[in-house]
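Thanks for sharing this one. Here are a few notes to read alongside the model.

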Amino acid sequence: MPHSFPLLQRIAQRAQQAPTAPAIVDTISNRTIDYATLYADICNYSLELEAAFGQTDLQDARVGILAEKGYPIVVALLATFAAGGLAIPLLTSLPQPEHHY
């Protein structure tokens, strides 16, 4: 189970109370994501992060996130926080060498 932080707790609560209520309107992909989907995606991705790091708490490890704008970046940020990590969003517009820095 991912770590709790206030926003995740609110999303989980909303997912139980009104699972089909719209949580995010992603205008880039032209779709609406409900709370049940949002919470499930956050939980699944945070568990993948924990598995990749080989621990159940990332202990403030830095996690670089390289994604286009839209729903994937939201899930990646929230899942990183849920796993106990520090999210570092990287701009896709930066040159490749800047990403490695």
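The points below cover a buried aspartate and one helix.

1. A word on the basis: this is a predicted model, in which local features need pLDDT of at least 70 and side-chain atom pairs count only at pLDDT 80 or more, while totals for chains, interfaces and linings use all residues. Residues are numbered from 1 along each chain as its sequence is written, and side-chain values use heavy atoms, with hydrogens and water left out.

2. Do have a look at D26, in strand β1 (residues 22–26); strands are DSSP E runs of at least two residues, helices H or I runs of at least four, numbered from the N terminus. D26 is buried (under 20% relative accessible area, 1.4 Å probe, protein chains only). D26 has no salt bridge (a Lys or Arg side-chain nitrogen within 4 Å of an Asp or Glu carboxyl oxygen). The nearest side chain of opposite charge, R31, is 4.8 Å away.

3. What does the side chain of D26 reach instead? It reaches the backbone nitrogen of I28 at 3.0 Å and that of Y71 at 2.9 Å.

4. Helix α2 (residues 35–53) spans 27 Å from first C-alpha to last, close to the 27 Å expected at 1.5 Å a residue. Its buried residues include Y35, L38 and I42. Seen down the axis, the buried residues fall within an arc of 125 degrees, so they line one face. On the other side, E48, A51 and A52 are exposed (over 50%).

5. At the ends of α2, D34 caps the N-terminal end, with a side-chain oxygen 3.2 Å from the backbone nitrogen of A36. Just after the helix, G54 takes a positive phi of about 70 degrees.

Conventions. Lys, Arg positive; Asp, Glu negative; His and termini not counted. Polar contact = N/O pair within 3.5 Å; in protein donor to acceptor, adjacent residues only side chain to side chain. Expected span 1.5 Å × (residues − 1). Arc of directions from axis to C-beta.
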